Each structure stands twice: as C-alpha cells, then as structure tokens.
Amino acid sequence: MLFTKNDAKEAGIMSAASHAIAEIEAKKDLFIDLATKIWENPEVANKEHKAAAWTAELLRSEGFEVQEAYAGVPTAIRATYGQGSPVIGLLGEYDALPGMSQSVSTSKEPIIEGGAGQGCGHNLLGAAHAAAAVGIKREMQERGIQGTIVFYGCPAEEQLTGKPFMARDGGFEGLDCSFAWHPGTANSLTLGTMTAINAARFHFKGVTAHAGADPQNGRSALDAAELMNVGANFLREHVTHDVRIHYVITNAGEAPNIVPDKATNWYYVRALTREAVVSTFERIVKVAQGAAMMTETEVEVEDSGGCYNTLQNKVLCEVAYEAMQEIGMPEYSEDEIAFAKELNEASPNYQMMVNSGRIPEGEHIARNILPISSDNVYASTDVGDVQHLAPGASFSSTTSNVGAGGHSWQVTACSGHSIGMKGMINAAKILALSCIKVFDSPETLAKAKEEFDEATKGKPYVCPIPQGMQVPS
C-alpha cells in the first residue's frame, strides 16, 4: 500500500506537501500508464521520439508550458509551471538500453531477441519526475507558492551526452537547483561522487598489402591499434587511483592474410574529477599518436563527448533524505515478494550479498532506508553536468529485487512490473516533497548556493561536448 492523505498527515507532512501527494496518488494510474507505454516501446539514446511525445502530451494536458526539441536536442523537453524565482528543476530521462528486451517474467525471456529494453528503469525515472511536477503544480496552486517548477526531459543518459548537449546550448540557464531520482535495488543517498567521463573512437588508417607475399609494403592499422592499447595499459601505473580506462577494438581488419588498412579503438576514460579525466584523456591521445608514428599510419580522433562527475549538494541531499524518511517506503503484496524471490534465486548477486552481510537472508525487496553514505560510485551519469551549473541532489530507491544487477534483464522485468510502478509513485512523492521544502525555505536554497559556490570555487562549467558536434540521429 502506498501513502494516502491520512498516512501523510500521521507522518507530519500535511502542511508541507499534502496537496502534491494527494494529486500524485489520485492520478497515479495516469503516470503508471505513461511508464508502461514507454516500457512497451523501448527506444535507445536519441531515438526516444514516442517517450518524449507522450511525456510532453501528459504535461501539456496538466497545464504546463511545454517546449519540445528543446535546446536543439530532438527528443529533449522543457515543461514549466509558475513564474519567477526560485526555479527548481526535475531531471527526467526515458532512454532504453540495447539488448535488454525482456518480458515481465522471472526467467530470461526477451520479447525481441537482441532488442532494446528498460534495463535501467528509465521508463520509471521519466514518469516519476513528470508525476512529481504535476503534484508540485497542484501544491503551488493551492497555497499560492511563488516560483517555477521545471521538468526536463533529458535523452541519451545511457550515452552520457543528453544533458551536456542541452547544457552546451544554454538548456539549464536560470536554474536555481535541481533534484533527481534513479530506480534501484536499495533506498539510498550518497554524498560521494560518480565519475566524470570522456569517450572517443581512435580511427587508424594504414596501407593494405598481402600479408604473405609483400608484407613490407603494408602499414598495419591493427598494429597501431594494438600498440595504442599496450601504451594505455602501461599508462595505468602513472595515473591517480580514481582513474578508470576501458576500451574495445571495434574494427580489426578483414582476414589474417591482408594487412589491415583500417582499425578502430573505442575508449572511455573515467575519474572522480573532470580535471583528472581531461588530463588522462590528453595522455591517451598522445599514446595514440605515438602508436601511429611507430607504425607509419595515421590516426583520427572522433570525440564522442563526455560528462562531469556528480557534485552532490549536502544541503539539498539532507532535504531529500528527510523527505525519504517522511514519505516512507511502499508495502509489497505476497505476489510481489514471491516475484522478487524467484528473481533473486536466479541472480548470482543475491547469495553473494547475503554471504557478505549486505542484506539479511530472506530479504527480497529492500524496504529500509539506508543511512546517508559518502561512498564514491565509479559508474557515471550526466546528472553531474547539471550539478556543476546549479546546486543539485539525487537519490535512489527500490524498484527491483535486491539481487538485480545493473543493466540487467531482471531490471527490465521489474520496470514493467507493479514492483517498479510502486517504487516510481513513491519516488514521485519524495521528489515533490523535496521541492516543496525548498520552495518553503528560501534560507535552505541560500545555504545550498553557498555550498555550491564553495565547492566549485568559481570554476566555469566547460561543456564536454565540442562545438560543432551534432546530436546523433
């Protein structure tokens, strides 16, 4: 059972966001329908045309002023209600992952073999932020709250470029602060950092020749690619401990008896600061240039952009955490617990988590709220770009069984199940209450901005997306 208006009163939050919570509860079927349609029609990064249109339609019907193809990004949205300051943003997403097609089932059953699916729960993510915006609008109307609530529909988070593309063209100008939520396997919030990233493809061009008859005439692009990887692996010894370097060879030639004249490496560089990413990436480029020189080949660097590390604002995180505690977590039916139990029995993560003491034996859906942590997370999200433009906070809460791995078929299954939908509605209420708390407390926002200024120390935001780089179509 989700919180009702009476539950909210008992929890002491009636005066803060009772209208918002009641509105979200009253219209929850509308938001569940949106999340279900997006789940049933998964669209990968920058292809989210249906998801963007459906989300825009819902918000427009709820009285929001909606801009589509916002900031020059075809599947981005900006939907606003209210006027003046403060301007509070909600960071929605809706892109799916390739290869994550899955039915609502406790065994691996792709709907379309190799097809896309919501393996990160972004169908829930976008709908929750839209629901929160609708609830906040009602609260603002009922209580005459001054300010502006903004829903941002942000595409291509899985490629970590949607928000940077929007930011490059001023998409977040005027924002005073933001809140974000992500589906997960636990109810948690960390003050730690998620990594910044740069991505690029290194295209080597050589000269083809018969590998047996006249190898002396060949200049192997594959040799260059492999030498680059050797150099990058030696570089690992000489970077700070937070740096992560990953690569794959996406083009390695056609046949062993032909000297390859083309080869491509695809690299990610991550670190806990933007500065460390940029510094390491520059060195990777030099390694590639050296490999080309050694093999008498040429190299072209195709910059794929990147994103900033997150910058969790402690003041706003405490607001969100307080809202999590006040709203509480959903109750789950016996059928939902049984569904999660079957998924956990099929997950190698579950027993490992039990054995390590991270979860008690028999817990299949996380219902407790973990203490605020300071743990760093070595994955990345482009939420960090917005958090380097204005104070921001993000949290995670339960939408899947505890043993679901990140970007897995189990997440897809739960994202189309009532487990995911309950978590989504609950998250919408937490987001709404968090925003209302800031609207009601100018001093809280002032403190958040003071903290932001201290953390950024006047450093300007430098968009990782190069000028002239086009949004992939």
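**Packing, exposure and backbone in a predicted model**

Biologist: What makes up 81% of the contacts in the protein with a separation of 6 or more?

Modeller: Residues 24 or more positions apart account for that 81%, where contact means heavy atoms within 4.5 Å. This is a predicted model, in which local features need pLDDT of at least 70 and side-chain atom pairs count only at pLDDT 80 or more, while totals for chains, interfaces and linings use all residues. Residues are numbered from 1 along each chain as its sequence is written, and side-chain values use heavy atoms, with hydrogens and water left out.

Biologist: How do you know whether the radius of gyration agrees with that of a compact globule?

Modeller: The rule, 2.2 Å times the number of residues to the power 0.38, with the radius taken over C-alpha atoms, gives a value near 23 Å for 473 residues, and the protein has 24 Å, which agrees. Along its principal axes the C-alpha trace spans about 85 × 50 × 40 Å, and the secondary structure comes to 15 helices and 10 strands, taken as DSSP runs numbered from the N terminus (H or I of at least four residues for helices, E of at least two for strands).

Biologist: Why are α5 and α14 called oblique to each other?

Modeller: Helix α5 (residues 122-143) and helix α14 (residues 418-439) pack at about 40°, with their axes 8 Å apart; the axes are lines fitted to C-alpha atoms over the stretch in contact, and angles run from 0 to 180 degrees between N-to-C directions. Angles under 35 degrees count as roughly parallel, over 145 as roughly antiparallel, 65 to 115 as roughly perpendicular and the rest as oblique, and α5 and α14 are therefore oblique. Their contact, made by residues including Ala128, Ile136 and Arg143 of α5 and Met424, Leu431 and Phe439 of α14, has 16 nonpolar, 3 polar and 2 charged residues, where Ala, Val, Leu, Ile, Met, Phe, Trp, Tyr, Cys and Pro count as nonpolar, Asp, Glu, Lys and Arg as charged, and the others, Gly among them, as polar.

Biologist: What makes α10 and α14 roughly perpendicular?

Modeller: The axes of α10 and α14 cross at roughly 115° and come within 10 Å, and the two helices are therefore roughly perpendicular to each other. Glu336, Phe339 and Ala340 of α10 make this contact with Ser418, Ile419 and Lys422 of α14.

Biologist: Why is Ile337 called partly exposed?

Modeller: Ile337, found in helix α10 (residues 334-345), has a relative accessible area of 27%; with a 1.4 Å probe and protein chains only, buried means under 20%, exposed over 50% and partly exposed in between, so Ile337 is partly exposed. Leaving aside its neighbours within four places in sequence, Ile337 is in contact with Tyr332, His364, Ile365 and Arg367.

Biologist: What makes the phi of Ala69 and of Glu296 worth a look?

Modeller: Most residues other than glycine have a negative phi. Ala69 nevertheless has a positive phi of about 50°, and Glu296 has one near 55°. Ala69 is in the loop between β1 (65-68) and β2 and is partly exposed at 43% relative accessible area, whereas Glu296, in the loop between α8 (274-295) and β9 (298-307), is exposed at 56%.

Biologist: How do you know whether the peptide bond joining Ser85 and Pro86 is cis or trans?

Modeller: Omega there is about 0°, and the bond is cis; Pro86 lies in the loop between β2 (77-83) and β3 (87-93).
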